[in-house]
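Here are my notes for your first look through this one. Keep the viewer open and find each piece as you read.

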Amino acid sequence: MRDWKQFVRERLPELRLDAAREQEIVEELAQQLEEEYDAALTQGTTRTDAELRAMAQFGDWDELGKEIHRAERPVVARVPAPVREVMSEQRLRKRRVGNMLADLLQDIRFGLRMLRKNPGFAAVAILTLALGIGANTAIFSVVNAVLLEGLPYKDASRLVFIWSTFISQGVGNSGSAAPDFRAWQAQNHSFNGMAASSTDTFNVSVQNQEPARLDGADITAGLFPLLGVQPILGRTFLPEDEKWGQHRVVLLSYGLWQDKFGGDPKVVNRSLRLNGQEYTVVGVMPRGMPFFSDLPPANLFVPLSYAPKDEMNTRGNHYLNVVARMKPGVTVAQAQAEMTGIAAQLENEFPINKGLGTKVVSMREQLVGDARAALLVLLGAVGFVLLIACVNVANLMLARATDREQEFAVRSALGATRLHLLAQLLAECFPMALLGGSGGVLLAIWGIRALQPLIPSNLPRFNAIAVNGGVLLFTLVISLVTAVFFALAPTLLAAKTDVQETLRESGRGGSDGRGRNRLRSVLVVSEVALALVLLVGAGLLIRTFGALRHADAGFSPDHVLTMEIQVTHDEGEGHENRIVQFFDAVSERVSALPGVTASGATTTLPLGVGLGWGKYVSVQGQVPPASLDQVPLVRFQLSTPGYWVAIGARRKEGRLFEKDDDQQSVQVAIVNESFAKKFLAGENPIGKSIRMLPPLELIPKEALADANGHLAPPRTIVGVIGDMKDSSLNAPAEPTVFAPYAQHKDEGFTSSMTLAVRTRGEPSAMAAAVRDVVHSLKPEQPVANVATMDDVVAKSLSQARFSMTLLGIFAGLALVLSAVGIYGVMAYVVSQRTREMGIRLAMGAQTGDLLKLVMRHGGKLAGVGVAFGIAAALGMMRLMSSMLYGVSAADPLTFAGVAIFLMAVALAACYLPARRATRVDPMIALRYE
Amino acid sequence: MVATVLGSELKKGTSEVLILSILENRPRHGYEIAKLIEQRSGGLVDFHVASLYPMLYRLERRGWIEGKWVEKAGQRRRRFYKLTAMGRKALPEQRRSWRELIRVMEKVALSGS
């Protein structure tokens, strides 16, 4: 006789159960075969026929193996176990706290075991969480560095900036004049100290080394003590260092000390040349000491010191950054009130101060103000991504909870309270959340590295961005919070389940109550709504970016090379003209280079590179304003004749500057269209006379006396050029007056110009040749910030690009996660309704009908989600309006496009399960289970 | 509405109710259960032995039936299944669901889809 056990063992696939159980099953199945065989024999069939009849009972052994495995699977197999556990739970309740830890550990071990037993479920859940948590960790590390971490100054919360304001001119944030600063310093009672600084650039040469042009700062002696920063070598400045004549002392940054002096510990008292003058090193500042992070990093510091009659030291020159430390207990509002009083007093005392106010801003507010909105939007966005991830995991948990309904019911019946069930689920969820969190940290570290090149360099403290202790703590907290979130969903259900009902009910996964379906639907709807909000946000930013890229900058940025040249010079008689000649010579020789079509220099390139001057203006023949504070302020720029062609400016009327617009000829000016529109509307601007001064009768007498006859001359407008975007692509150009560099006269002079070179080929390829020209004229002349104009434009877009890219990534993530969520739920619904589908098919329904049925179900959920999402997005996009350009926060095209797109994705996600529904074989469906 | 009720009712064991009923009065082993289902349904239910054992294991895991190896003198040992208290409690509800299912099926069959 055949060995039936052997027969079964050879055919039944491995069940992956414990050996004893597997043995039992084999024996039982063998017995079934043997009984059938015996029965056949007793009925008189042949041995062969009897064997065949026995064997025919089990057709598909693989299928049988799967079925048994499913029947024996842990969720169901656990029923006896929870009974034991719950019983011990009851006993545990009476025990002491010490045992609760053991209990918790047991629960966590149990949770890990559950994960191991459902590797598919675990992998999907952990990956989903890792994506959500990773996005949050990455953005939080940025927020942490930029918005939350303390500034590296002592008691930074008491530090404020004090700005001058010119409200009637719309200037809310101006630098301050040195005499005003000294008056504030002397008169205030709110502050422990007040200090001033101004950014400056220096041509630095240390013996035997290539000269370099470096950013630095002029500071008052009180600045570092005020900030609470100590030098690592030597001393900071003393008040007497500010005296003209004793001012040639310098403090090195750590970086410059390393670079130029090789970290020489005896650097104090060594000397270096700054702008051609000998300075003595008095100290070295500590490493990583950022100056104010929205300013260029300072490589060195010199005392803020004025020569007698220095025009920078007058009430007309507002250029100092003033920092102050509030006394303990003083609020920003109180400090502001006092400063307003002092400013009013100065207005009375000095007519030139008419209209001048002050603004006190906390240092943090000042340094992160602009980035805050964008970062908060991104933080909100990743919060949404995490919510969607949680919803997906909650859905998975819910599906599992359905399978485990019996287990929960048994536990409840045996006296486990809702809290016990929650504790158990939490213990199961925590390991999953922590694994997801760990994955998230890895993703975040990788993501920050990948995004580093995108982070705009003007983002304050951007180099402090890192996954550090604070960030890890944040990740831990959100991991635990998410665990609670998705542990709650099934617990709520379990709590609602009628124990009696469930115990009486049959069927693993048999009943899928309407309440559960509703919860699942709510989850899908909210997921779609969240994804829609993110997609709309990303859509609006993409449209903004597109609008910015296509915004007319007013010039042709392609094929333009730019570089800054601050001419090292002596202070001798006529040095200004020599510098003008130097730039003329550079322009001339560069223009003659093969591959160069034009070259010229200007004080300020479009898009905010270079020096920006604001000046009063009066137009001759117009009624003068009644008082000084009503005199308009406009931008003022100097440029050489070649500049216009080099930058690609558009001449609208009249002519451009020419070579013979020099000191000997008539003083001329070119204005931009904004100027013509604002001040000469309806008139022909050509030939009009303007002056970069208030009307003479409004100028205070002492200022007139100070000027000693050196007043800005009247200039004749000879041309109008098209507006060029000056500060950013999304702000309109300000009214601007251009004067020929060669005609500089009593309006101020600068030896720092930016050269623009228009090339035929790739502009950066010309950089070396242009530098050679500069060096051939002045061997040790440094050039700085060599960049193509395309780079400058790209840089001005970096903030928009950063926000767009990140929000785009997050919206994409949200889309994928919610599509997976919809797919999962629809697949579940279809599997729940397999029998119904089978019956419908058997009764003559067409496959198209079933397809429609499922698609309609999914489409309805997605549609409701889209509707909620649109409502939410309409409310929330208003928060983003400051980040938008060229598109409304309620842009119908974006909303409609996103809604249609999301519906299409949702329907596609429904389609797969729907098609599966149509493939149901009615017979199999009826026999199912 | 009908669809949902039908969907969930259908899921409830059609064959499970048969097994529970068969075990209602006394314990039986697998082969016996299979034969009884075949006999009682008069061959009308296309019942597969292959699906019997997974179903038994599932009911056992759920705690409605309990299997026990029994050795009688001169016979091979057999695994006998009996209804547990929980299973006994569940049976009436199962029967009710079954009747409900039939009612709904008739309704669907008459109205078409």
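The points below go from the overall picture to single residues and then to the cores.

1. Start with how far to trust it. This is a predicted model, and chain A has an average pLDDT of 83, with 88% of its residues scoring at least 70. The high point in chain A is strand β20 (residues 668-672), at a mean of 95, while helix α5 (residues 74-77) is at the bottom with 42. Go carefully with two stretches of chain A. Residues 75-97 stay under 50 in pLDDT, and the model gives them 31 contacts beyond four places in sequence. Residues 505-512 also stay under 50, with 23 such contacts.

2. Next, the general make-up of chain A. You can find 29 helices and 25 strands in it. Of its 929 residues, 45% count as buried. Take the contacts in chain A with a separation of 6 or more: 83% of them are between residues 24 or more positions apart.

3. Helix α19 of chain A makes a nice worked example. Its 18 residues (575-592) should span 26 Å at 1.5 Å a residue, and the C-alpha atoms at its ends are indeed 26 Å apart, so the two agree. Which of the residues in α19(A) are buried? They are A:I579, A:V580, A:F582, A:F583, A:V586, A:S587 and A:V590. Looking down the helix axis, these buried residues fall within an arc of 155 degrees, so they line one face of α19(A). On the other side, A:Q581 and A:A592 are exposed. What do the buried residues of α19(A) pack against? In chain A, they meet β13 (596-602), β24 (752-759) and α23 (767-777).

4. Now look at strand β12 (560-566) of chain A. 6 of its 7 residues are buried, so β12(A) is largely enclosed by the rest of the structure. β12(A) runs antiparallel to β24(A), and 7 bridges join them. With β25(A) the pairing is antiparallel too, over 3 bridges. A:T562 is a handy residue to click on: its bridge partner in β24(A) is A:A756, and in β25(A) its bridge partner is A:A787. As background, strands of a sheet pair through backbone hydrogen bonds, either parallel or antiparallel.

5. Two backbone angles deserve a second look. Most residues other than glycine have a negative phi. A:H559, though, has a positive phi, near 60 degrees, and is not a glycine. A:H559 sits in the loop between α18 (514-549) and β12 of chain A. Is A:H559 buried or exposed? It counts as buried, because it has 21 C-beta neighbours inside 10 Å and the cut-off is 20 or more. A:N785 is another non-glycine residue with a positive phi, of about 50 degrees. A:N785 belongs to strand β25 (residues 784-788) of chain A. With 17 C-beta neighbours inside 10 Å, A:N785 counts as partly exposed.

6. A:M766 ties some of these pieces together. You'll find A:M766 in the loop between β24 and α23 of chain A, and it is buried, with 23 other C-beta atoms within 10 Å. A:M766 and A:L561 are 205 residues apart in sequence, yet their C-alpha atoms are 7.7 Å apart in space. Setting aside residues up to four places away in sequence, A:M766 touches A:L561, A:L593, A:G595, A:V596, A:V757 and A:T759.

7. On to the nonpolar cores. The largest has 237 residues, and those touching the most other members are A:V250, A:V385, A:L532, A:L534, A:V737, A:F810 and A:A814. Helix α13 (residues 363-403) of chain A gives the most to this core, with 24 residues. A second, separate core has 34 residues, including A:A30, A:A71, B:L83 and B:L91. Going back to A:V737, its contacts beyond four places in sequence include A:V617, A:V634, A:F636 and A:A669.

8. Finally, don't skip chain B. An open sheet of 3 strands is found there, in the order β1-β3-β2, with antiparallel pairing. The edge strands are β1 (28-29) and β2 (65-70) of chain B, as each pairs on one side only. 6 bridges join β2(B) to β3 (residues 78-83) of chain B. To spot one pair, click on B:G67, whose bridge partner in β3(B) is B:Y81.

Methods: Residues are numbered from 1 along each chain as its sequence is written. Chains are lettered from A and ligands numbered from 1 in the order in which they are written. This is a predicted model: local features need pLDDT of at least 70, side-chain atom pairs count only at pLDDT 80 or more; totals for chains, interfaces and linings use all residues. Helices (H or I, at least four residues) and strands (E, at least two) are DSSP runs, numbered from the N terminus. The expected span of a helix is 1.5 Å times one less than its number of residues. A residue is buried if 20 or more other C-beta atoms lie within 10 Å of its own, exposed if 12 or fewer, and partly exposed in between; C-beta atoms are placed from the backbone. The arc is that of the directions from the helix axis to the C-beta atoms. Two residues are in contact if their C-beta atoms, placed from the backbone, lie within 7 Å. Two strands pair if DSSP finds at least two bridges between them. pLDDT is the predictor's confidence in each residue, from 0 to 100. A nonpolar core is a set of buried Ala, Val, Leu, Ile, Met, Phe, Trp, Tyr and Cys residues joined through C-beta atoms within 7 Å.
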